[in-house]
Amino acid sequence: MAALRTRVGSILQGLHSFSKLPRSTLDVRFDVCVTQVRLRGRIPPTPRFRHPIWHVRKERAHYPENLTAENKQFIQETISKDYGPPVVAHGVKTYDSPLKNIEKIEPVEWFPGIRRTSTIAKKIGIQPLWLNNGTRVMTTLLQIVDNHVIKYNPPDQVIPLRRRHKAIPKKVLGKFGALVVGAESADPQEFTKEYCGLFRESGLPPKRKLARFLISPEAVLPPGTPLTAMHYRVGDYIDATGFTIQRGFQGVMKRWGFKGMRATHGVTKTHRRPGNIGAGLKHRVWPGKKMPGHMGGRHRTLRGLKILRINTDYNVLYVIGQNIPGAINSYIYVHDSLCHHRWVRNTKDAWPLPTYIPKDTEAEIPENIYAPDVHPFDAPSITYEIADTPVVRTGAKIAKAKGAKK
């Protein structure tokens with residue numbers, strides 16, 4: 001015990017003498033600070049689902065501000081002064097804001113490989129239509145909700161999106177620009193100040209949904225340009241991209257459509273199971289085997305969908321098919337079809353470029369526009385014709401008539 005006390009005393013005495021060293025000596029001793037980093041080679045990368053540090057936050061925290069009725073009225077008057085009074089246009093709540101710095105749009109001549117902007121729509125339901133030959137087809141209603149152009153980035157300023165499996169080809173990066181489109185105007189009080197600043201250049205109220213579409217530099221649109229259902233035509237083909245419905249963990253019968261086992265005759269507790277998952281000679285399960293797992297919650301694209309009807313009053317597209325990904329009231333991205341057998345081959349069949357431009361001499365647009373092979377609801381479905389055909393009498397009828405006269 002005495003030896004331990006002596007040892008501790010000598011250590012403390014050494015530290016006391018060390019503290020009396022000149023300042024220059026201390027600088028030399030403590031100038032370099034090394035931090036140990038463990039598992040440097042095995043640090044996982046930054047998760048891809050996180051936003052970058054420069055990402056603008058959209059929603060803000062709502063606190064009980066306890067505003068009086070006069071203060072609330074003053075805020076609404078300020079918003080109406082900047083963005084216009086709230087109105088309901090084409091079935092959507094928005095603001096009657098005058099477009100600022102809007103430029104005149106000139107039509108563009110079509111050439112092979114040109115790409116124009118896409119739109120943001122809402123899936124509002126399904127409805128049947130009938131063709132001229134009596135065939136009943138199901139259609140999905142996509143409403144283009146208050147779309148406006150927000151910003152354009154030239155090809156040299158486009159930042160490519162990060163993909164997990166494959167990289168974007170370099171020839172695409174310098175070929176197309178990026179057009180930012182917003183949908184569904186909302187109250188500025190719901191968003192942060194930084195997010196509302198994104199719309200200052202276009203002079204529009206903040207949008208609930210923003211999307212970026214790659215377009216050709218020749219098909220650029222100025223900020224503030226509205227996009228309606230007339231951006232498309234009946235008979236054209238589109239591609240619809242949406243976020244599939246979350247189904248959670250599902251079995252093979254619901255996830256992959258398996259038939260399942262028999263209900264009786266020796267089947268015990270395997271009615272909804274997948275059955276054998278072996279691979280024959282190799283004692284393993286091959287990658288890609290259809291097994292139970294998470295279903296839904298992924299971006300999926302349905303290609304080659306034909307537009308059968310357009311309602312210009314509410315900006316609704318009637319698209320053939322009822323399996324467009326997404327739930328009701330979910331956002332759908334509507335693109336021009338990229339299917340090779342649906343491409344535009346000549347200038348005669350080209351879409352309106354860069355978008356639909358109304359003309360002064362053009363007649364009033366009808367409320368409903370139908371494809372040539374679709375039967376309109378207001379048209380008669382059954383017609384009767386009275387034909388003047390001669391009465392033909394058979395021999396039996398002539399003999400009967402003569403007998404009646406006698």
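**Figure 1. An open sheet of four strands.** In this predicted model, four strands line up as an open sheet in the order β7-β6-β5-β8, with antiparallel pairing. The edges are β7 (207–215) and β8 (226–227), each of which pairs on one side only. Zoom in on β5 (residues 147–153) and β6 (residues 177–185) and you'll find five bridges joining the two antiparallel strands. One spot to look for is Y152, which stands opposite L179 in β6.

**Figure 2. Just past β8: T228 and D313.** T228 sits in the loop between β8 and β9. With a relative accessible area of 29%, T228 is partly exposed. Follow the chain and T228 and D313 are 85 residues apart, yet in space their C-alpha atoms are 10.0 Å apart.

**Figure 3. Strand β4 and its two partners.** Strand β4 (residues 136–144) has seven of its nine residues buried, so the rest of the structure largely encloses it. It runs antiparallel to β3 (residues 119–130), and nine bridges hold the two in register. Within that pairing, I126 has T140 of β4 as its bridge partner. β3 and β4 make a hairpin with five residues between them, and in the turn G134 takes a positive phi of about 95°. β4 also pairs with strand β13 (residues 316–320): five bridges join them, again in an antiparallel arrangement. Here L142 stands opposite L317 in β13.

**Figure 4. The largest nonpolar core.** That L142/L317 spot is worth a second look, since both residues turn up here too: the largest nonpolar core has 15 residues, and L142, Y232, I238, L317, V319, I324 and V334 are those with the most contacts inside it. Which elements give two or more residues to this core? They are β4, β9 (237–243), β12 (299–311), β13 and β14 (331–336). The largest share comes from β12, which puts in three residues. As background, nonpolar side chains tend to be buried together in soluble globular proteins.

**Figure 5. W130 meets F377.** A search of the whole structure turns up four aromatic pairs. In one of them, W130 and F377 sit edge-to-face, with 6.5 Å from centre to centre and 80° between the planes. W130 belongs to strand β3, while F377 is in the loop between β15 (368–370) and α7 (395–405), so the pair ties together parts that are 247 residues apart in sequence. Neither ring is tucked away under the 20% cut-off for buried: W130 counts as partly exposed at 35% relative accessibility, and F377 likewise counts as partly exposed at 45%.

**Figure 6. An aromatic cluster at F191, Y195 and F199.** Y195 and F199 have ring centres 5.4 Å apart and planes at 70°, so this pair is edge-to-face. Buried or exposed? Y195 is buried, at a relative accessible area of 5%, and F199 is buried as well, at 1%. Add F191 and you have one aromatic cluster made of F191, Y195 and F199.

**Figure 7. Two arginines over aromatic faces.** R115 lies over the face of F176, at 4.4 Å from the ring centre. A second view shows R309 over the face of Y318, also at 4.4 Å from the ring centre.

**Figure 8. Cysteines without a disulfide.** How many disulfides does the model have? The count comes to zero. A disulfide, for reference, is a covalent bond between the sulfur atoms of two cysteines. Two cysteines to look at are C196, which counts as buried at 16% relative accessibility, and C339, which is buried with a relative accessible area of 13%.

**Figure 9. Helix α3 and the glycine after it.** Helix α3 (residues 69–83) has 15 residues, which at 1.5 Å a residue should span 21 Å; the C-alpha atoms at its ends are 21 Å apart, so the two values agree. Right after α3 comes G84, with a positive phi near 95°.

Methods:
Residues are numbered from 1 along each chain as its sequence is written. Side-chain values use heavy atoms; hydrogens and water are left out. Buried means under 20% relative accessible area, exposed over 50%, partly exposed in between (1.4 Å probe, protein chains only). Two strands pair if DSSP finds at least two bridges between them. Rings of Phe, Tyr and Trp (its six-membered ring) pair if their centres lie within 6.5 Å; planes under 30 degrees apart count as stacked, over 60 as edge-to-face and the rest as tilted. A charge sits over a ring if NZ of Lys or CZ of Arg is within 6 Å of the ring centre and within 35 degrees of the ring normal. A disulfide is a pair of cysteine sulfur atoms within 2.5 Å. The expected span of a helix is 1.5 Å times one less than its number of residues. A nonpolar core is a set of buried Ala, Val, Leu, Ile, Met, Phe, Trp, Tyr and Cys residues joined through side-chain atoms within 4.5 Å.
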